[in-house]
Each structure stands twice: as structure tokens, then as C-alpha cells.
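This briefing goes through a protein model by topic, from overall make-up to strand pairing and confidence. Please keep the sequence and the structure in view while reading.

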Amino acid sequence: MTDKGTPYMSFGNDEINSAPDLTDPVQCHVCKGHHPAQPSETRGDGPATVLQFIACDKTGKTYLVGINGKDIRGRGSGGTVPDE
Ligand SMILES: [Zn+2]
């Protein structure tokens with residue numbers, strides 16, 4: 001694996017469906033504190049509920065924690081697609 005290119009994450013539908021429900025607030029995997037789950041940007045008439053994030057005030061970073069209300073941390077696979 002190279003550190004150049006475009007990073008990606010992938011999840012199978014079965015993998016998401018079998019994941020535990022995401023709690024709200026979410027216990028942070030970094031600082032162990034609790035942060036409110038935030039939906040991805042609003043689209044159309046209401047909030048998009050596909051992706052959930054937490055903003056950690058200890059690290060100042062935002063983390064993807066959920067897909068469709070399921071806790072996907074530690075699941076899926078990822079890597080880097082080399083740039084052409
Ligand atoms: Zn945190």
C-alpha cells in the first residue's frame with residue numbers, strides 16, 4: 001500500500017446491517033468521552049441520515065462513526081486507489 005492516491009473505505013450491505021445500532025450520544029473511540037451524533041449535510045427537505053459523524057473536542061477532528069444509524073467503526077476495509 002502506498003500513501004499516495006485517493007483513500008477509500010468500503011462496506012458490504014450485510015456488514016452494515018449486522019453492525020450494532022449507533023447510540024446517541026456516541027462514546028468516542030479516541031477520548032472515551034461522549035459526543036452527539038451529527039448527520040451529514042442536509043440535502044433536500046431534511047437532514048440526510050445516511051452518514052453520522054462525531055466532532056471530538058479533544059482532538060479537534062471529525063470522525064465518521066455511522067452509516068444508516070449503524071456503528072461501523074472497526075468494520076469495512078479500506079486502502080488507497082493510486083492516482084493516474
Ligand atoms: Zn472524543
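## Strand pairing and chain overview

In strand 5, P39 has Q52 as its bridge partner. That pair belongs to a predicted model, in which the protein chain has one helix and eight strands. Four of the strands form an open sheet in the order 4-5-6-7, and strand 1 is joined to strand 8 by five bridges.

**Overall make-up**

- Read along the sequence, the elements of the protein chain follow the pattern β-α-β-β-β-β-β-β-β.
- The protein chain has 84 residues, and buried residues make up 12% of them.
- Of the contacts between residues at least 6 apart in sequence, 55% join residues at least 24 apart.

**The sheet 4-5-6-7**

- The pairing in this open sheet of four strands is antiparallel.
- Its edge strands are strand 4 and strand 7, each of which pairs on one side only.
- Strand 4 covers residues 38–39 and pairs with strand 5 in the antiparallel sense over two bridges; P39 and Q52 are bridge partners here.
- Strand 5 also pairs with strand 6 (residues 62–67), over five bridges and again in the antiparallel sense.
- Between strand 5 and strand 6, L51 stands opposite I67, and F53 has L64 as its bridge partner.
- Strand 6 is joined to strand 7 (residues 70–71) by two bridges, and the two strands run antiparallel.
- I67 of strand 6 stands opposite K70 in strand 7; I67 also stands opposite L51.

**Hairpins and turns**

- Strand 5 and strand 6 form a hairpin with six residues between them.
- In the turn of that hairpin, G60 has a positive phi of about 75 degrees.
- Strand 6 and strand 7 form a hairpin as well, with two residues between them.
- N68, in the turn between strand 6 and strand 7, has a positive phi of about 55 degrees.

**Burial along the strands**

- The side chains of strand 5 (residues 51–55) alternate between two faces.
- Q52 and I54 point to one face and are buried.
- L51, F53 and A55 point to the other face and are not buried.
- Q52, one of the buried residues of strand 5, is the bridge partner of P39.
- Strand 8 (residues 77–81) is hardly covered, with a count of zero buried residues among its five.

**Strands 1 and 8**

- Strand 1 covers residues 6–10 and runs antiparallel to strand 8, with five bridges joining the two.
- P7 stands opposite T80 in strand 8.

**Confidence**

- The protein chain has a mean pLDDT of 88, and 88% of its residues reach 70 or more.
- Confidence is lowest in strand 4, at a mean of 87, and strand 4 is also one of the edge strands of the sheet.
- Strand 3 (residues 34–35) has the highest confidence, at 97.
- Where pLDDT is low, the predicted coordinates should not be read in detail.

Methods: Residues are numbered from 1 along each chain as its sequence is written. This is a predicted model: local features need pLDDT of at least 70, side-chain atom pairs count only at pLDDT 80 or more; totals for chains, interfaces and linings use all residues. A residue is buried if 20 or more other C-beta atoms lie within 10 Å of its own, exposed if 12 or fewer, and partly exposed in between; C-beta atoms are placed from the backbone. Two residues are in contact if their C-beta atoms, placed from the backbone, lie within 7 Å. Two strands pair if DSSP finds at least two bridges between them. pLDDT is the predictor's confidence in each residue, from 0 to 100.
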